[in-house]
Amino acid sequence: CILYGLDPKAIDFSDRERNELAENFTASGIVYFEQVISQLNNLDTSKLNDIVTVTDDLGLGNVSANYTLAGVLIQAHSHAIHHYASVGIIINQLGIELPDADFGYNPTTPKNVESY
């Protein structure tokens, strides 16, 4: 949604396009993932403070607010970690070992938390 909304500076999270090939076939998912990474790597960082209008359905209809592009990318990053955590739980329940022990953990989560 963010990448599609860059030029008009209008990002609508309630208007998501599904990519069934990426959702159902690993090879297609990897190609899609690599395309997104390429687009993110090609972002013009001088535009990170540009104001974009972000729209989402918060349960009672669409609401719009102004964000910086950097702010909406930070929000998307946090939301992606949430999804990775869900995937990590499923993978763990299936007995599949993750290649990275930090998969699905927010980098700001303390590593060594003592019990209270």
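Let me start with Lys 9, whose place is in the segment before β1. Before going further, note that this is a predicted model, so please hear every value that follows as computed from that model.

Lys 9 has a positive phi of about 55°, although it is not a glycine. How exposed is Lys 9? Its relative accessibility is 37%, and because the partly exposed class runs between 20% and 50%, that is where Lys 9 falls.

Lys 9 also has a partner. Its side chain meets that of Asp 50 in a salt bridge, at 3.4 Å from N to O. The two residues come from separate places: Lys 9 is in the segment before β1 and Asp 50 is in the loop between α2 and β2, so the pair ties together parts that are 41 residues apart in sequence. For orientation on your screens, β2 covers residues 51-57. Asp 50 has a relative accessibility of 24%, so it counts as partly exposed too.

One distance from Asp 50 before I leave it. Asp 50 and Ser 86 are 36 residues apart along the chain, and their C-alpha atoms are separated by 32 Å.

How many salt bridges does a search of the whole structure find? The count is two. Side chains of opposite charge can pair when their charged atoms come close. Besides the Lys 9 and Asp 50 pair, there is a salt bridge between Glu 23 and Arg 18, where the closest N and O atoms are 2.8 Å apart. Are those two residues buried or exposed? Glu 23 is at 44% relative accessibility, so it counts as partly exposed. Arg 18 has a relative accessible area of 64%, which means it is exposed.

Now the pocket. Rolling a probe the size of a water molecule over the atoms shows where empty space is left. In this model, the largest pocket holds about 2200 Å³ of space. Which elements give two or more residues to its lining? They are β1 (10-12), α1 (20-24), α2 (26-41) and α3. Of these, α3 gives the most, with twelve residues. Helix α3 itself spans residues 69-93.

In total, 40 residues line the largest pocket. Split by class, the lining has 23 nonpolar, ten polar and seven charged residues. If you want to find the middle of the pocket in the viewer, look for Tyr 32, Val 36, Ala 80, His 83 and Tyr 84, which lie nearest its centre.

Two of those central residues deserve a closer look. Tyr 32 is in helix α2. With a relative accessibility of 39%, Tyr 32 counts as partly exposed. Tyr 32 and Leu 21 are eleven residues apart in sequence, and their C-alpha atoms are 9.1 Å apart in space.

The other is Tyr 84, in helix α3. Tyr 84 is at 34% relative accessibility, so it also counts as partly exposed. Besides lying among the residues nearest the pocket centre, Tyr 84 belongs to a nonpolar patch on the surface with Phe 33 and Ile 37. Together, those three have about 270 Å² of accessible area. Why can Tyr 84 be part of a patch? A patch takes residues with over 30% relative accessible area, and Tyr 84, at 34%, is therefore past that cut-off.

Staying on helix α3, Ile 89 is found there as well. Ile 89 has a relative accessibility of 55%, so it counts as exposed. Where does Ile 89 sit in relation to Gly 104? The two are 15 residues apart in sequence and 8.8 Å apart in space, C-alpha to C-alpha.

Last, the segment after α3, where Pro 110 is found. Pro 110 is at 54% relative accessibility, so it counts as exposed. Pro 110 and Gly 5 are 105 residues apart along the chain, with their C-alpha atoms separated by 34 Å.

To recap, there are two salt bridges in the whole structure, and one of them joins Lys 9 to Asp 50. The largest pocket has 40 lining residues, with α3 giving the most. Tyr 84 lies among the residues nearest the centre of that pocket and is also part of the nonpolar surface patch. That is what I have.

Terms used. Residues numbered from 1 in each chain as written. Predicted model: local features only at pLDDT ≥ 70, side-chain atom pairs only at ≥ 80, totals over all residues. Heavy atoms only, no water. Patch = residues over 30% accessible without salt bridge, like charges linked within 9 Å, V, L, I, M, F, W, Y side chains within 5 Å. Areas by Shrake-Rupley, 256 points an atom, 1.4 Å probe, with all protein chains shown as cover. Salt bridge = Lys/Arg side-chain N within 4 Å of Asp/Glu carboxyl O. Helix = DSSP H or I, 4+ residues; strand = E, 2+ residues; numbered from the N terminus. Buried < 20%, exposed > 50% of the residue type's maximum accessible area, 1.4 Å probe, protein only. 1 Å grid on protein atoms, 1.4 Å probe; cavity = no way out; pocket = protein on both sides within 12 Å on 5 of 7 lines; lining within 4 Å. Points joined across faces, edges and corners; volume = space filled by probe spheres on them. Nonpolar A, V, L, I, M, F, W, Y, C, P; charged D, E, K, R; others polar.
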